[in-house]
Amino acid sequence: MTHLTDSPIDARALVAQVMRRSDGAYVLFEGVIRNHHDGRAVESIFYDAYRPMAEKEIARIIDDVAREFPHAAIAVVHRLGLLHVGDSSIAIVCSSPHRGESFGACRALIDRIKQTVPIWKKEKGPDGEEWVGWQK
Amino acid sequence: MRRVKVRLLCFAVLRDITGRAETELELADGTRARDVWQSLRAQHGQLAAYELPPMTAINESYASPDQLLRDGDELAFIPPVAGG
């Protein structure tokens, strides 16, 4: 399974792919480009990745979370390239027979993906552009 | 002295600073990832504040900057990640 895409994310398709007839709930999380960051206006974000390592790292996180929430089914897609305000950068779907595991797994996934997956973003606004997290 | 060939990958801010996505390095046997970082720092003043690389990856897995580099390794320094 590939977890990275250069195209817009089809979240409904992702839900359809995950849902089983035994599932009574799903949680869909989408991260969306907002028009501000740290008090500055944002117009677009360019996402870059160390692709093969990012694929492996997302797969590793999914394996870990699947062990912690054994009844959850999981799908993750992260978009790369140039995105604009309102675009979704990531979609995570977790389904399970009961809602608790879906909520828990989804929260764990987004939190861990943000911590270790080698993906970077360059924010662009009227005042210029910069790589988020890099202290000059 | 024996030499090892290592492929250095630069992403995001590091690619902007070094101007290169990929560099073939020939290093003395016994070179550690952190030694490569120090030579990058010596070449690029914008890295001065980073005494150690933010994170290090060898062959697509996170590794210690103290790891010895072997012939054929793929080395990447990972700036602060910002996915999601």
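Strand 2 of chain B is hardly covered: of its seven residues, the number that are buried is zero. This is a predicted model. The predictor gives the complex an ipTM of 0.94 and a pTM of 0.95. Chain B has a mean pLDDT of 96, with 100% of its residues at 70 or more.

**The sheet**

Strand 2 belongs to an open sheet of five strands in chain B. The strand order is 2-1-5-3-4, and the pairing is mixed. Strand 2 (22–28) and strand 4 (61–63) of chain B stand at the edges with a single partner strand each, so one side of each has no neighbour in the sheet. On average, neighbouring strands of this sheet are turned by 35° against each other, direction ignored.

**Pairing at the edges**

Strands of a sheet pair through backbone hydrogen bonds, either parallel or antiparallel. Two pairs of chain B are set out here.

| Strand pair (chain B) | Direction | Bridges |
|---|---|---|
| Strand 1 and strand 2 | antiparallel | seven bridges |
| Strand 3 (residues 55–58) and strand 4 | antiparallel | three bridges |

Each edge strand offers a residue pair to look at. L8(B) has T23(B) in strand 2 of chain B as its bridge partner. At the other edge, S61(B) in strand 4 of chain B stands opposite I58(B).

**The helix on the sheet**

Which helix packs on the sheet? Helix 2 (residues 33–43) of chain B does. Helix 2 touches strand 1 (3–9), strand 2, strand 3, strand 4 and strand 5 (74–78) of chain B. The direction of helix 2 makes about 60° with that of strand 5 of chain B.

Note on methods:
Residues numbered from 1 in each chain as written. Chains lettered and ligands numbered in written order. Predicted model: local features only at pLDDT ≥ 70, side-chain atom pairs only at ≥ 80, totals over all residues. Pairing = 2+ DSSP bridges. Helix = DSSP H or I, 4+ residues; strand = E, 2+ residues; numbered from the N terminus. Axes fitted to C-alpha atoms, helices over the stretch in contact; angles between N-to-C directions. Contact = placed C-beta atoms within 7 Å. Buried ≥ 20, exposed ≤ 12 C-beta atoms within 10 Å, placed from the backbone. pLDDT = per-residue confidence, 0-100.
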